Amino acid sequence: MKIKVSNVNTPNWKEITVKSSVPAELEKLSEIARNIWWSWNYEATELFRSLDPILWKEAGQNPVLFLEHMNFEKLEALSKDKVVLKRMNDVYAKFRDYMDVKPDKQRPSVAYFSMEYGLNHVLKIYSGGLGVLAGDYLKEASDSNVDLCAVGFLYRYGYFTQTLAIDGQQIANYEAQNFGTLPLERVLDANNQPLVVDVPYIDYIVHAYVWKVNVGRISLYLLDTDNEMNSEFDRSITHQLYGGDWENRLKQEILLGIGGILTLKALGIKKDIYHCNEGHAALINVQRLCDYVAEGLSFDQAIELVRASSLYTVHTPVPAGHDYFDEGLFAKYMSAYPARMGISWDDLMDLGRNNPGDKGERFCMSVFACNASQEVNGVSWLHGKVSQEMFASIWKGYFPEESHVGYVTNGVHFPTWSAREWKQLYAKYFDENFLYDQSNPKIWEAIYSVPDEEIWNTRMTMKNKLVDYIRRQFSETWLKNQGDPSRIVSLMDKINPNALLIGFGRRFATYKRAHLLFTDLDRLAKIVNNPDRPVQFLFTGKAHPHDGAGQGLIKMIIEISRRPEFLGKIMFLENYDMQLARRLVTGVDIWLNTPTRPLEASGTSGEKALMNGVLNFSVLDGWWLEGYRENAGWMLTEKRTYQNQEHQDQLDAATLYSVLETQILPLYYDKNEDGYSEEWVKYIKNSIAQIAPHYTMKRQLDDYYEKFYTKLAKRFQALNANGYEKAKELAAWKEEVAEKWDSIEIVSSEKTEELLQQSLESGKDYTTTYVIDEKGLNDAIGIELVTIHTNAEGKEHVYSVEPFDVIKKEGNLYTFQVKHSLSNAGSFKIAFRMYPKNKDLPHRQDFCYVRWFD
């Protein structure tokens, strides 16, 4: 027999989790480490750091990994250290006092769905603002003790880690997460085996493991398809955040929506309200409709219940930012669902179209979310208005300003984003109930009683910490991508905590206008090289790997920063994540934001900064349009001077330079004999007292309850009662109105001669009368006179809406009459609008039947 050179088969590797052997005396540390609560309670993170500062840094400030990497001898020694044990017990007592409070059952319960969650840099399941907002929301839900759970994905690779090539080109690195070393746990079934959720795809099943992140008192359930039960094509569904092609995106959204509801069903969880954070999760309502229809309801009855318990929050200010799917691709995965919903394929497609019946129009997740949700909201006052315009074509017959689309301005989780030093200062001077009443402006006014020098010293402490962090973290990476060691030494020496530090950190999309500062390099060079008033700019941010223009901006800034006149004055810090963000928003003096108006839906980085005595200088867009106060920050106007964007950019850049030269720098460097600027401190105090209380996540969560959750829950309970009696009744009424709508007849009308001649006098009353045959609908019709005018920008807006009164009824004949007048002279347009009316409708757009006549 001839012996082969080798005989080796391929191993079938299986992932196993090995937990460290933590002594019983230190088990409390493990319990704390497995709950993200530690990330917003500095006593906990300080406890872990104190046990081994070097290992804490090596473990990336991940307490789970930290404990697993600590050798047994060290753990044994700590378990016998009375000082360590007392400190651990003190932190644990605070943790248990917090955790043992039962949820507030007086407020409606909520299931929250989002594609990403930014809880801490350790858990890479976020990319940017949308995720950080969702993470902050869960933390505040925990702090406010509401009954909420959340669903998302456990990404194997998450969003990319950014490095920079020597030429400044962004490099996207995808690094696999080891789930066993993260602050989460597998969800087990009744047999103590990993829970598997089976999600239907075409003619096969995708199997998802379920993991749970404990976010204080809140459970976040994460789906994971990267397992051996799935094909290689489906394992990758949860590999990357916003990765892959449109087919993979659809597969992700099916998993989040349909799989998300199936997960809650498997866990036996039912909530009052189902909240979609962006359109990615819109398909939750497909599965919910299927479930109601499976109970024996018709589609029309089921949609009443689903809508009444659904809220859709949109974060995108332009139609192009929403997800659209070609009918062929959508049908490939969703063709089996219409039969389960009790409708046709065309019916389902039309629910995702602005123009039902238009076969050329793709299925839009956001349109479907609007049609399947009673309530829709934007994320700032301005974005609410933009969203009314953006979605106006869904509810034809009504003008944008008549839309039910509302808003809740985003906020930030104060305990997460406020530095320990500022928390201690607030605790020293503010009311003891401050953390439980963060939105109370009266409490924040106590900042005026804090000595100016203490404010200034706190700011200098944070600036020095930022500078130290930059020197520690970036010297090695800068050596790799800048090459010349002497240049790096020079760069480190030039970072000056006594200079005015201005930060700019965000996603590098072109509308964010990171380039604006560099419009006039000669003028910028004079500003940054003034020896009497030094100023330094810190830039950071990632561009999407497919966004060539955004990557080009990063490259341009790096090239400019290496020019001799800007060396050490303009710096780009790579790999923007939550850890770096926290350093910047606590350490710089000014947070700069220069988006193209009105494309900043909200923005929250500036809100994080203001919690730390950092002043904002921003375009009046998003939250800053509401937040700006004189003598508490600076603004670039929201008003356009030029339609040409390049000309507008040049004007905005000139204004930016001017404000820096004539207002900001003179104010900062107007220092007294004690070495600080009293006027600058006044701005800080004004910013904290007058702006900060309105932009906490506590206020945002309370707004959601006040504006949406509570009224949704009340209406849903009414529809749901007595075997869905009211839902069935309302569905039957809508079906009858829809059937008879086209046959409703205008029998007669009486109008004044002036109205017929289309010439009215201002201030004079006119009477119009209509007799309508409602065809047996029994007072189900309303009529109103709508007057519109054209504004200076050429847009038509509602001037007035005057409802008709029913003054007579004879059988099916209803006589409607209105007395109306116009108080202003000018050019107007008028028309008469008929609509269905029912006291059980939440708003007109819920049953958007409209007939115009003259």
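Which residue in E4 does Gln162 stand opposite? In this predicted model, the residue facing Gln162 is Ala172. The two strands involved are E3, covering residues 161–164, and E4, covering residues 170–173. They run antiparallel and are held together by 4 bridges. Between them sit 5 residues, giving a hairpin. Gly168 lies in the turn of that hairpin, and its phi is positive, at about 90°.

Moving on to the nonpolar cores, the largest one takes in 171 residues. Within this core, the residues that touch the most other members are Leu220, Phe330 and Met334. Helix H29, which spans residues 697–740, supplies the largest share, at 15 residues. As for Phe330, its contacts can be listed once neighbours within four places in sequence are set aside. Three of its partners are phenylalanine or tryptophan, namely Phe325, Trp345 and Phe363. Leu250, Leu348, Met349 and Met365 are in contact with Phe330 too, and so is Ser335. There is also a second core, separate from the one just described, with 100 residues. Among its members are Ile502, Ile557, Ile560 and Tyr676.

Helix H29 turns up again in a helix pair, this time with H11 (residues 299–308). The axes of H11 and H29 come within 8 Å and cross at roughly 150°. An angle over 145 degrees counts as roughly antiparallel, and H11 and H29 therefore fall into that class. The crossing of H11 past H29 is right-handed. On the H11 side, the residues that meet the partner helix are Asp300, Gln301, Glu304, Leu305, Arg307 and Ala308. The H29 side brings in charged residues, including Arg715, Lys728, Lys734 and Glu735. Other H29 residues meeting H11 include Leu712, Phe716, Leu719, Asn720 and Tyr724, along with Ala727, Leu730 and Ala731.

Further along the chain comes an open sheet of 4 strands, arranged in the order E21-E22-E26-E25 with antiparallel pairing. Its edges are E21 (745–751) and E25 (805–810), each of which pairs on one side only. From one strand to the next, the twist averages 20°. At the E25 edge, the neighbour is E26, made up of residues 813–820. E25 and E26 run antiparallel and are joined by 5 bridges. One of the residue pairs here is Lys809 with Tyr814, the latter being the bridge partner in E26.

Note on methods:
Residues numbered from 1 in each chain as written. Predicted model: local features only at pLDDT ≥ 70, side-chain atom pairs only at ≥ 80, totals over all residues. Heavy atoms only, no water. Core = buried A, V, L, I, M, F, W, Y, C linked by side-chain atoms within 4.5 Å. Buried < 20%, exposed > 50% of the residue type's maximum accessible area, 1.4 Å probe, protein only. Contact = heavy atoms within 4.5 Å. Pairing = 2+ DSSP bridges. Axes fitted to C-alpha atoms, helices over the stretch in contact; angles between N-to-C directions. Parallel < 35°, antiparallel > 145°, perpendicular 65-115°, else oblique. Left-handed = near helix turned anticlockwise from the far one by under 90°.
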